[in-house]
Amino acid sequence: MKKRPLYEKLGYTPKGKLFKAALGEFRWFTGEYLTFKSLIYYGGKVDYLLKRRFEKIEYYNLFKTIETAILLNPYHEDAYYFAQAAFTWDIGKIKDVNALLKYVMKYRTWDFKIPFFLGFNYAYFLKDYKLAAKYFKKASELSNSPLFTSLAARYFYEGGETELGIAYLKTMIKITRKESIKKSYEVRLQALEAIYAIEKAIKRYKEKNNTLPKDINELVIKGFLREVPKDPYGGKFYIDKDGKVRTTSKLAFKRPKHKKGNENGSNKSK
């Protein structure tokens with residue numbers, strides 16, 4: 001076993017806290033070495049990964065190694081990248097990876113990719129939309145990316161925090177200089193304001209009737225809503241079985257269909 005090369009075996013790695021105290025200033029280098037060791041080992045298991053034979057990979061030791069690497073050197077970018085890539089999709093250690101990402105975020109305070117990964121993990125894997133919104137908002141603030149702003153607003157809505165999403169978008173509209181980006185925020189804001197108006201009408205209806213309305217039109221007929229708001233994305237609002245306001249557009253513009261070829265089967269214009 002001892003004679004086997006690095007890419008075949010990994011073995012036990014002592015806990016990071018013990019290492020950290022013993023190594024002193026050498027902990028930075030050791031953290032990088034353990035990350036390198038993990039990457040080499042993992043790279044040597046490609047055949048098993050492709051065949052999804054995860055039992056052939058020392059995942060427990062691999063996670064402990066990368067956990068120690070991060071504790072020793074939280075500034076090393078490859079370590080948290082690898083944790084996100086190897087332990088979420090393959091074996092579903094989402095909460096453990098999130099704990100590592102939160103630790104790294106204390107040190108790499110400028111790095112928008114960490115809250116982005118956290119937002120993605122909370123939204124996609126854990127379905128915790130409130131926390132997803134929180135981390136996408138952080139990624140948006142660090143990167144000034146309109147994508148993260150839109151994601152944050154969307155997950156505020158999915159998490160039942162529509163009013164918070166509206167406040168957030170209004171702030172972003174004020175501080176955004178580029179008109180095209182501002183315009184996209186305004187469309188998103190218009191959609192959330194429409195949803196919020198319906199949500200408030202549903203709440204009043206439920207308080208009075210102790211049940212959900214059968215559809216949005218009932219809110220209008222019985223005076224809880226003046227009219228059915230328009231979805232700026234071109235869809236139609238409706239109420240799902242849980243009383244959540246949804247739209248057929250899914251808060252996105254419909255993509256244009258690809259043009260078909262002309263009679264000669266060519267797409268070239270005449």
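## Close-up views of the predicted model

**View 1. Thr-30 is a buried residue, with a relative accessible area of 12%.** Buried here means under 20% relative accessible area, exposed means over 50%, and partly exposed lies in between (1.4 Å probe, protein chains only). This is a predicted model, in which local features need pLDDT of at least 70 and side-chain atom pairs pLDDT 80 or more, while totals for chains, interfaces and linings use all residues. Residues are numbered from 1 along each chain as its sequence is written, and side-chain values use heavy atoms, without hydrogens or water. Look for Thr-30 in helix 2 (helices are DSSP runs of H or I with at least four residues, strands are runs of E with at least two, and both are numbered from the N terminus). Setting aside residues up to four places away in sequence, Thr-30 touches Phe-19, Leu-23 and Leu-72 (contact: heavy atoms within 4.5 Å).

**View 2. Ser-38 is another buried residue of this model, with a relative accessible area of 0%.** Ser-38 is found in helix 2, the element that spans residues 27-43. Which residues does Ser-38 contact, leaving aside its neighbours within four places in sequence? They are Leu-62, Thr-65, Ile-66 and Phe-82. Phe-82 belongs to helix 5, and we will meet it again in the next view.

**View 3. Helix 2 packs against helix 5 (residues 77-87).** The angle between the two is about 35°, and their axes are 10 Å apart (axes are lines fitted to C-alpha atoms over the stretch in contact, with angles from 0 to 180 degrees between N-to-C directions). On the helix 2 side, pick out Thr-35, Ser-38, Leu-39 and Tyr-42. On the helix 5 side, their partners are Asp-78, Ala-79, Phe-82 and Ala-86.

**View 4. A nonpolar patch on the surface is formed by Phe-29, Tyr-33, Phe-36 and Ile-40.** Together these four side chains present about 430 Å² of accessible area (Shrake-Rupley method). Patch members have over 30% relative accessible area and no salt bridge; nonpolar side chains (Val, Leu, Ile, Met, Phe, Trp, Tyr) are joined within 5 Å, and like charges within 9 Å. Ile-40 sits in helix 2, and it counts as partly exposed because its relative accessibility is 34%.

**View 5. Lys-20, in helix 1 (residues 16-23), comes together with residues from farther along the chain.** Is Lys-20 buried or partly exposed? With a relative accessible area of 29%, Lys-20 is partly exposed. Apart from neighbours within four places in sequence, Lys-20 is in contact with Arg-27, Leu-71, Leu-72, Tyr-103 and Tyr-107. Of these, Leu-71 is 51 residues away from Lys-20 along the chain, yet their C-alpha atoms are separated by 7.7 Å. Leu-72 may look familiar, as it also touches Thr-30 in the opening view.

**View 6. Glu-67 and Lys-64 form a salt bridge within helix 4 (residues 59-72).** The closest N and O atoms of the pair are 3.5 Å apart (a salt bridge needs a side-chain nitrogen of Lys or Arg within 4 Å of a carboxyl oxygen of Asp or Glu). Three residues, about one turn of the helix, separate the partners. Glu-67 is partly exposed at 23% relative accessibility, and Lys-64 is partly exposed at 27%.

**View 7. Glu-193 forms a salt bridge with Lys-170.** Glu-193 lies in helix 11 (residues 179-209) and Lys-170 in helix 10 (residues 162-175), so the pair ties together parts that are 23 residues apart in sequence. The closest N and O atoms are 3.9 Å apart. Both ends are partly exposed: Glu-193 has a relative accessibility of 36%, and Lys-170 has 41%.

**View 8. Asp-240 pairs with Arg-246, and a salt-bridge network links four other residues.** In the pair, the closest N and O atoms are 3.4 Å apart, and Arg-246 is partly exposed at 25% relative accessibility. The network is made up of Glu-77, Arg-108, Asp-111 and Lys-113. How many salt bridges does the structure hold? There are 13.

**View 9. Stepping back, the chain contains twelve helices and two strands.** Starting at the N terminus, the helices come before the strands. Of the 270 residues, 42% are buried. The chain exposes about 16,800 Å², with carbon and sulfur atoms supplying 54% of that area. Among contacts with a separation of 6 or more, 55% are between residues 24 or more positions apart.

Methods
Areas by Shrake-Rupley, 256 points an atom, 1.4 Å probe, with all protein chains shown as cover.
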